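User: I'm new to this structure and would like a close look at a single part. Please start with the cysteines and any metal they hold, then walk me outward from there.

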Amino acid sequence: MRCVYCNSEKIVKNGKSNQGKQRYLCKECGRIFVENPERKHYPDNLKKTAIRLYTDGVPIAVISRSLEVPYETVRSWIRAAGEKAIKKNRRKEKSLSEQSI
Ligand SMILES: [Zn+2]
């Protein structure tokens, strides 16, 4: 069990949510989250495909639709992959329309 926001293991139980789910407090980032969030586990290569498509200039909305992964999830993968590296790559393809992240 790790923090859904910062992936820290420094979490403590923090009562129950309204739905009766275990709630946790992250001592690292101070956020509260609920056990078993609505978050599926996607295979690593799907993640890599999404990131590659993004660096190729495909908008997140299109990646989301074609891979059947929620927009927010795709966006979080791209964030995690390091926006710096991606921006560096994208600068070469200025002509492509910018999709706001
Ligand atoms: Zn945290």
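Analyst:
**The zinc site and its surroundings**

Counting disulfides (pairs of cysteine sulfur atoms within 2.5 Å) gives 0 here. Before we go on, note that this is a predicted model, where local features need pLDDT of at least 70 and side-chain atom pairs count only at pLDDT 80 or more, while totals for chains, interfaces and linings use all residues. Residues are numbered from 1 along each chain as its sequence is written, and side-chain values use heavy atoms, with hydrogens and water left out.

So what coordinates the zinc ion? Four sulfurs do the job: the SG atoms of C3, C6, C26 and C29, at 2.3 Å. Donors here are N, O and S atoms within 2.8 Å of the metal (3.2 Å for Na, K and Ca), and since water is not among the atoms, sites may look incomplete. The angles among the 4 donor atoms run from 105 to 118°, and the site is tetrahedral (for four donors, all angles between 85 and 135 degrees).

Along the sequence, the donors follow the spacing C-x2-C-x19-C-x2-C. C3 sits in the segment before β1 (11-16) and C26 in strand β2 (residues 22-26), so this pair ties together parts that are 23 residues apart in sequence. Strands are DSSP runs of E, at least two residues, and helices are runs of H or I, at least four, all numbered from the N terminus.

How open are these cysteines? C26 is buried at 1% relative accessibility, and C3 is buried too, at 3%. C29, with a relative accessible area of 32%, is partly exposed. The cut-offs are under 20% relative accessible area for buried, over 50% for exposed and in between for partly exposed (1.4 Å probe, protein chains only).

The segment before β1 also holds N7, which has a positive phi of about 70° although it is not a glycine. Most residues other than glycine have a negative phi. N7 is partly exposed, at 47% relative accessibility. E68 has a positive phi as well, about 60°, and is not a glycine either. You'll find E68 in the loop between α2 (60-67) and α3, where it counts as exposed at 69%.

Now step back to the whole protein chain. It has 4 helices and 3 strands, and from the N terminus on the order is β-β-β-α-α-α-α. Of its 101 residues, 26% are buried. Among contacts (heavy atoms within 4.5 Å) with a separation of 6 or more, 34% join residues 24 or more positions apart.

Over in the helices, α1 (residues 44-55) packs against α3 (residues 71-81) at an angle of about 80°, with the axes 10 Å apart. That makes α1 roughly perpendicular to α3, a label for angles of 65 to 115 degrees. The axes are lines fitted to C-alpha atoms, for helices over the stretch in contact, and angles run from 0 to 180 degrees between N-to-C directions. On the α1 side, L46, K47, A50, I51 and Y54 take part, meeting V74, W77, I78 and A81 in α3.

One more residue to find is K48, also in helix α1. K48 is exposed, with a relative accessible area of 57%. Its C-alpha lies 9.1 Å from that of A81, although the two residues are 33 apart in sequence.

Methods:
Tetrahedral: all angles 85-135°; square planar, octahedral: opposite > 155°, others 65-115°. Parallel < 35°, antiparallel > 145°, perpendicular 65-115°, else oblique.
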